[in-house]
Amino acid sequence: MSSKEGDILLDELAQIVIEYISFVSFPSTLVIDALKSLASFNFKDIEIDGISNFLQELVSFEKEVKVFFKVPNQQMISNIIPTPNPNQVVAAFINFLLLMLEFILRFDPDFIACVKGSIQILRTEIEFVIAFLGDTAMHLQPTNNILIDIEAVINEVGSLFYPLFFTTLVFILITEGKEMTDMKEMTDMEAVVNEVRSFLHSDTSDFLEVTTTEVDEAKNTMTDIKALFNELGTFLVPDNGISDLALSDLLPKFELLKPKIEEHCIRVSNMPTDMAPNTALVSLFIFDSVLDDLMYLINNKSERIVGVKDQIVMLHKELMSLGSSVTNITMQEEAQHEEVLIQAIGIAYEVEYVINSFPLVWYLALRLPQLIEKIQLIRMSRMSIQETKNKVDVAGVPEVPNYRGEQVSSQSKEPLILEDIVVGFDNMEIEIAEQLVRGTEQLQIISISGMPGLGKTTLANKVYNNPSVVYHFYDRAWCVVSQTYNKKQVLIGILSSMKNIKGEKFVNMDDESLAEDLYKSLKGRRYLIVMDDIWDIKPWDDLKRYFPDDGTQSRILFTTRNKNVGSKASPRSVISALPFLSEDECWELLRRKVFQDKNCPQELVDIGRQIAANCRGLPLAVVVIAGVLANMKNKEHLWQNVARNLSSHISQTSDKSNQILELSYKHLPMHLRPCFLYFGAFEEDMEIPVRQLTSLWVAEGYIKKEENKSLEDVALEYLMKLIDRSLVLVAKRRSNGGVKTCKIHDLLREMCLRMAEEKNFFEGGHT
C-alpha cells in the first residue's frame, strides 16, 4: 500500500468515526482530538520516547472509543437537541455501521475475498432493519419490545466491527510508506490481521531501526513499548481473523428478527393510518399525486420494482377505486362518511410515503400487501355505510344531506358574476348623497358606521357611483384603510384611483413625495375621498394635512365599525348609523339573491321567510345563506334542513352572526373548503389577483385533476363556485367580463382565520 493510499484511507476512516461521535456525544472532544492526531501520525524520524507516548495514546484511545461501537445510552445522547427518539438513536448507530461496511468493501478485493460475500449479505440485512426503523407509519404502535431485540443484534455487529476498526487503524499506520509490491502476500483480511500481529510480535528495535547503543540507553522505554504492543494485541481481531464463520454466526440472528418485524407491521397495518398532515383539512389532490407516482414506477422504473410490479399494479388499481369513492364522499355532508374519508386520505399519504421512501424491493414486498389490504378494508367500510343508508332511506326515514343530485351542477349553468343586489338602502343612499352635494362649503366628513356585515361598503359604493355625486365632484378617489394601516399604500390607493392609473407607477416614490403629489392634485379642486374600513382616528390624524380645505365643498366619506371615529375627526362631521334590515327586507334580499328575477316557488316561501328571519337583519348573513340555497335544488326538504341547522346554530351561542357564516362554510363541498380558508392568508381588504390565487391553490395541492382540463381552469371553476355562494367578492373585471381580482369580506376573513386556527390549517403543511 502506498503512503498516499494509506493517508487517504486513514483520513476517511477517522472522518467516519469523528462524525458519528460528534453526533451522539457532543462533549467527547478528547476522543475526537486523539483520532485526528492518529490520522496525522507518521513513524518516520520519530524518537523512541515519542513512539512510547504515541502507543500510550493509542491504548488510551482504544478504551475511550470502544463505547461508541454500541447503541448509545440515554446519558450519551442527553446533549442532543432536539432529543432523538429511540428509533432514531438505533438508526443513527446503524448508519454508522453501514458507513464502516462501505469503507471495508472499498479495500482491494483480494484483501477481503474471504468475507466479502458475507459482508454484503450483512449490509443487506442491516439496510432492511434501518428501513423498518425509518418507516414512520410503523411508529403508531410503540416499538420498545422489538427495539430491544434489534439493539441486541446490532450491538453484536458493533462488537464485531470494533476490533476490525482498530486492526485496520493499526494496519494503515504500520504500513505507512510501504509499496504494494512489498505486500504481495496480502490476499485477504486474515492476512491483514497477520501483518498487524507480526508487527506487534517483531523485534521492536528492528522496527524502530535503532542502534544497539540506543536500545541500551532506552532499555526501560523499550520495555514499555513491548508491554504496550502486548496490550494492543488484546484489542485486535482474534488470531483467526474476521472469519466467514464469525459472520455466519451473526447473520441467522437477523433472520430471527424478520418474523418479529413482519408481525409488528401486520399489527400496525390494522390500526388507523396517521400519515396525513396534522390538520383537519387535507387536500384530495394527494390521490392524483400518488396515482401518478405509481404509474411512473410501473411505466418507467420496471427495473426498480422487479418482484413487486404486480403488487404495484394492484395497489394502483385499488387506490384509483378508493379515490373515486372519496370524490363521491366529498359531495356529501353525512357525518358517518367523515371517518372513512379521513382513513382514505391517510392511506393515500402512507402509500406516497412508502413508495417514495423505500427503494429496497424486499422491504416493499413486506409493506405493499399491507397497504392493499388496508385500502380494501376502507372500501368495504364505505360500502357497508352506503348499504345501511340505503336501507334507512327505503324505510322512509331520510336524512337531508347535500348529495350530488341535490346540488345545482356547475356544468348546468354558466358561472355568471352578478351585480350586488342591495335592499333597504334606498333612503340612506339619497340622504348621504344629499349630504355630500349640499351643505357647507368647508371640507366636511361624512361617516357611515355600523357593525360588520351590515353593508357599509356596499352603501358607500352606491353613493360613490350615484349620478348626482359623480356630476358634482371634479375628482373622486377610493382607498381602503383597514385595521393594519399602511400610509404608503393608502396614498397610492388614492392617487391611482383618482388618476385612474396603475399603482405600480407610484411604488418607487417615498411617502412625502406621494403626499405632495396628492396635495397638489387636490388643491383648488372639489373632491370626494372615500376612506373605507377606517378603524380609529390615527390614520386620519396622519393624513388630514394632505387634504386642502379651500372652500370648494369637498367631502371625506368614512366607513367604520366605530361611530366615534367620525366625531373625533371633526366637530362638523355627519354620522349616519346603518340599521339592521327588517324581516321583510331580509326576505326580499334572500329571494332576489337566490332566484334573481324569477319567482320563488310557493312551497318555499314560508320556510324561506323563516331562514331570512334567522339571519337577524344582517345583510352579509342573508347573502351567504342565499349562496347556500342558490346552489341547491329548490326542494322543500333541503330548505328545511338549512332552516333547522340555522336555528340550531344561533340558539347555541350569543355570537349569532359568526355562527350563521360558519354554517355557510359547513355547507361547502369538501374540495372547496381549503380554497376558502386560504383567503385567511391574505391581508385584510387586499385585492387578490385571480391568476396568482389559482396558481397558489394548484401549488398547495387543493385542485383535483379533471379530464381534458388544466389544473388552472379547474381552480378558476372553484373560485367561481365560491363567488356564486357570495363568499368571495369580485373586485375588478377583465375586458372580457372575467374576474381579474377578488377579495373577501372582513367578517368572512376573520372566520377563515379563526377556523384555520381551530383546524391547524396553516400549521399542518399549508402555506
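**Close-up views of the predicted model**

**View 1. Two aromatic pairs, Phe-93 with Phe-96 and Trp-540 with Phe-547.** Trp-540 has a relative accessibility of 5%, so this residue counts as buried. Phe-547 is buried too, at 4% relative accessible area. The coordinates shown are those of a predicted model. Across the whole structure, a search returns twelve aromatic pairs. One of them joins Phe-93 to Phe-96: the centres lie 6.3 Å apart, the planes make an angle of 40°, and the pair is tilted. These two residues sit three positions apart in helix H4 (residues 86-105), so about one helical turn separates them. Phe-93 and Phe-96 are both buried. Trp-540 and Phe-547 form a stacked pair, because their planes are at 5°, under the 30 degrees cut-off for stacking. Their ring centres are 5.7 Å apart. Centre distance and plane angle together describe any pair of aromatic rings.

**View 2. An aromatic cluster that includes Trp-697.** Five residues are linked by ring pairs: Tyr-678, Phe-679, Phe-682, Trp-697 and Tyr-702. Trp-697 belongs to helix H29 (residues 690-700). Is Trp-697 buried or exposed? Its relative accessibility is 0%, so Trp-697 counts as buried. Which residues does Trp-697 touch, leaving aside those up to four places away in sequence? Members of the cluster appear among them: Tyr-678, Phe-679 and Tyr-702. The other contacts of Trp-697 are Cys-675, Ile-703, Ala-715, Tyr-718, Leu-719 and Leu-722. From Trp-697 to Leu-716 the sequence separation is 19 residues, and the C-alpha to C-alpha distance is 9.8 Å.

**View 3. Two arginines over tyrosine faces.** Arg-526 lies over the face of Tyr-474. The distance to the ring centre is 5.3 Å. Arg-673 lies over the face of Tyr-665. Here the distance to the ring centre is 5.5 Å.

**View 4. An open sheet of three strands.** The strand order is E6-E8-E7, with antiparallel pairing. Strand E6 (688-689) and strand E7 (729-733) are the edges, each pairing on one side only. E7 and strand E8 (residues 739-743) run antiparallel and are joined by four bridges. Leu-729 faces Lys-743 of E8, standing opposite that residue. Backbone hydrogen bonds pair the strands of a sheet, in parallel or antiparallel fashion.

**View 5. Stretches with pLDDT under 50.** The chain has a mean pLDDT of 74, and 69% of its residues reach 70 or more. Residues 180-188 stay under 50 in pLDDT. How many contacts beyond four places in sequence does the model have for residues 180-188? The model has 20. Residues 209-215 are also below 50. This second stretch has six contacts in the model beyond near neighbours in sequence.

**View 6. The whole chain, for context.** The chain holds 31 helices and eight strands. Of its 767 residues, 51% are buried. Take the contacts with a separation of 6 or more: 77% of them come from residues 24 or more positions apart. The accessible surface is about 35,900 Å², and carbon and sulfur atoms contribute 50% of that area.

Technical notes. Residues numbered from 1 in each chain as written. Predicted model: local features only at pLDDT ≥ 70, side-chain atom pairs only at ≥ 80, totals over all residues. Heavy atoms only, no water. Phe/Tyr/Trp six-rings, centres within 6.5 Å; stacked < 30°, edge-to-face > 60°. Buried < 20%, exposed > 50% of the residue type's maximum accessible area, 1.4 Å probe, protein only. Lys NZ or Arg CZ within 6 Å of the ring centre and 35° of its normal. Pairing = 2+ DSSP bridges. pLDDT = per-residue confidence, 0-100. Contact = heavy atoms within 4.5 Å. Areas by Shrake-Rupley, 256 points an atom, 1.4 Å probe, with all protein chains shown as cover.
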